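Student: I am new to this structure, and I would like to understand how the descriptions given to its parts are justified. Could we go through them one at a time?

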There are 2 protein chains.
Amino acid sequence: MSQTVDRALTVLPLLAEGPATLDQVARRLGVHKSTALRLLRPLCDHGLVYRRPDQRYRLGARLFSLAQEAMESLDVREIAHPHLLRLNAETGHTVHLAVYEEDEVVYIDKVDSRYPVRMYSRIGRPVAITVAAVAKLLLADLPEDERRALAERLDYPKYTPHSTPDAPAFLAELARVREQGWATDLGGHEESINCVAAPVRGPDGRVAAAMSLSAPNVVVGADALVGLLPQVRRTAEAVSAEYCGRRTEPDRTAGPDEHSDEHEERP
Amino acid sequence: MSQTVDRALTVLPLLAEGPATLDQVARRLGVHKSTALRLLRPLCDHGLVYRRPDQRYRLGARLFSLAQEAMESLDVREIAHPHLLRLNAETGHTVHLAVYEEDEVVYIDKVDSRYPVRMYSRIGRPVAITVAAVAKLLLADLPEDERRALAERLDYPKYTPHSTPDAPAFLAELARVREQGWATDLGGHEESINCVAAPVRGPDGRVAAAMSLSAPNVVVGADALVGLLPQVRRTAEAVSAEYCGRRTEPDRTAGPDEHSDEHEERP
DNA sequence: AACGCCCATTGCAAATATTGCAACGCCGGA
DNA sequence: TCCGGCGTTGCAATATTTGCAATGGGCGTT
């Protein structure tokens with residue numbers, strides 16, 4: 001609807017691929033060099049894009065802090081965090097919290113395993129949507145048509161022999177997950193790692209987030225991990241209850257108000 | 001320079017404070033409701049802003065993944081990471097890597113302490129710029145006028161009695177840090193936590209990043225931590241050397257190329 | 001259950017901001 | 001020193017955005 005803004009925002013994913021010069025940007029945007037320059041300028045001013053000394057553009061650090069602030073203000077995350085810690089303390093395994101949004105499932109919180117073996121995952125990273133246990137829960141709750149459309153739209157990378165192979169298989173799995181109210185990923189992403197996950201539901205009964213427990217085979221076998229499912233479900237239900245209970249949406253009225261500095265941390 | 005884009009981008013920090021309705025946004029932007037709507041639309045399309053079921057706007061998940069991609073494509077980070085791991089393995093303490101950009105210092109990598117006591121910090125979060133050891137190193141390297149201007153511009157929160165009290169003290173500290181080539185934060189942010197940091201230098205000799213080792217008093221005293229300084233410096237120098245060595249800027253020419261899917265991870 | 005209010009949404013016309021072009025100036029290489 | 005490339009800016013035409021007012025839908029109230 002707004003051509004200019006749309007073009008400017010197209011720059012971001014473009015630069016996410018790597019640094020680019022002015023007219024690399026211009027060419028990929030299909031606009032004149034000068035236009036690209038004038039598009040880039042406000043992006044730089046706002047810190048979303050950084051202009052390096054060698055005059056190439058890359059994404060700016062403001063993006064990091066913005067994303068961070070956004071994440072920390074997610075109410076599900078805030079409520080769930082202590083519960084994640086507790087689940088981690090009880091089981092010792094890695095705990096994840098993820099949400100679905102616009103074709104993506106991303107981790108919004110994580111508590112690392114006590115064991116030396118740690119998984120490579122990171123808050124903010126998109127999840128392997130076709131195999132991850134949390135993704136299954138999140139997608140299983142979508143309206144049927146949307147779910148089907150999404151399933152068709154996705155790619156199905158063969159991470160391992162146990163990865164979900166295609167859309168029909170995925171939809172079948174989602175149906176099962178939807179019915180049983182929990183999900184697993186048994187070596188679907190990495191051969192030696194298993195996960196079990198449970199949904200967090202919002203006041204409207206829809207799945208607002210999903211939490212999972214993950215552990216490598218060498219630490220605990222798939223059966224044993226699935227044995228922990230009740231604990232995961234209990235935790236998820238506790239979060240749900242709290243999330244549905246107090247709806248503390250602080251109403252911020254208009255006008256430039258001072259945003260209280262949150263407590264920072266150290267280098 | 002581009003009013004429309006500028007306005008649209010102003011929305012982001014605004015929403016970072018918390019969710020807002022359409023005309024809260026409009027009012028704070030100083031534009032008509034309909035304008036705000038048309039500004040919000042492309043932001044939503046690109047996933048930077050999410051429109052919740054209750055029709056309030058908040059920052060979107062795309063921001064997370066974008067920031068993540070940006071971070072992972074930072075070459076310093078990539079080069080430094082194995083070294084951070086090694087330093088962590090050797091000392092057992094928390095290791096941070098941070099960069100400076102446009103008045104902000106943000107963590108771009110972190111390896112957690114082996115010890116149960118973990119610090120609250122997070123990749124992407126802005127650093128307490130007036131006290132953090134990494135911040136001191138990064139700022140000490142700025143040109144004098146810029147450094148002074150920035151110092152005047154900053155706030156000096158009294159996190160603890162040891163926090164940097166004001167601009168003159170900060171500038172003095174920066175001068176010292178600049179000379180000695182390393183920095184500390186002894187309880188300046190949290191009474192019981194100390195850090196030592198060393199700079200990573202780019203090909204141009206300027207400080208490109210800073211890495212630090214942090215530990216709470218209960219684990220290791222300030223003296224002992226400072227005793228680890230040589231190791232930190234050695235590590236930072238190793239990173240510098242490598243960073244200056246291979247300048248592998250993959251030249252991406254124009255044209256819509258497929259971006260190879262990186263390996264994802266699990267829920 | 002019906003009403004009324006609030007809020008998001010859209011058509012339209014005026015006006016303003018954006019676009020592409022071409023010329024300029026700068027830096028680095030030959 | 002000269003040449004070439006690249007980023008940058010002035011300008012005029014144009015397309016786009018803007019504000020207004022009217023519409024429609026959802027929700028709480030009476």
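Student: How many residues surround DNA strand C, and which are the closest?

Tutor: In this predicted model, 22 residues surround DNA strand C, and the closest are Thr35(A), Ser2(B), Gln3(B), Leu37(B) and Arg51(B). A residue is counted here because one of its heavy atoms lies within 4 Å of the strand.

Student: What makes the pair between Gln3(B) and DNA strand C a polar contact?

Tutor: A polar backbone atom of Gln3(B) is 2.7 Å from a phosphate oxygen of DNA strand C. The cut-off for a pair of N or O atoms is 3.5 Å, and 2.7 Å is within it, so the pair is a polar contact.

Student: Which part of DNA strand C does Ser34(A) reach, and how do you know that this is a polar contact?

Tutor: An N or O atom in the side chain of Ser34(A) lies 3.3 Å from a base nitrogen of DNA strand C; since the pair is within 3.5 Å, the term applies. For His32(A), a backbone N or O atom is 3.2 Å from a phosphate oxygen of DNA strand C, so this pair also meets the cut-off.

Student: Which helix gives the most to the surface near DNA strand C?

Tutor: That is H3(B), with 5 residues.

Student: Why are 7 residues of the surface near DNA strand C called charged?

Tutor: The surface divides into 5 nonpolar, 10 polar and 7 charged residues. The 7 are called charged because Asp, Glu, Lys and Arg count as that class.

Student: Turning to the other strand, which residues come nearest to DNA strand D?

Tutor: Of the 21 residues around DNA strand D, those that come nearest are Gln3(A), Leu37(A), Arg51(A), Thr35(B) and Arg38(B). Among the atoms of this strand within 4 Å of the protein, 67% belong to sugar or phosphate, while the rest belong to bases.

Student: What makes Ser2(A) and Thr4(A) partners of DNA strand D in polar contacts?

Tutor: An N or O atom in the side chain of Ser2(A) is 3.2 Å from a phosphate oxygen of DNA strand D, whereas for Thr4(A) a backbone N or O atom lies 3.1 Å from a phosphate oxygen of the strand. Each pair is within 3.5 Å, so each is a polar contact.

Student: Which helix gives the most to the surface near DNA strand D?

Tutor: H3(A) does, with 5 residues.

How values were computed:
Residues are numbered from 1 along each chain as its sequence is written. Chains are lettered from A and ligands numbered from 1 in the order in which they are written. This is a predicted model: local features need pLDDT of at least 70, side-chain atom pairs count only at pLDDT 80 or more; totals for chains, interfaces and linings use all residues. Side-chain values use heavy atoms; hydrogens and water are left out. A polar contact is a pair of N or O atoms within 3.5 Å; within protein, one must be able to donate a hydrogen and the other to accept it, and residues adjacent in sequence count only if both atoms are side-chain atoms. Helices (H or I, at least four residues) and strands (E, at least two) are DSSP runs, numbered from the N terminus.
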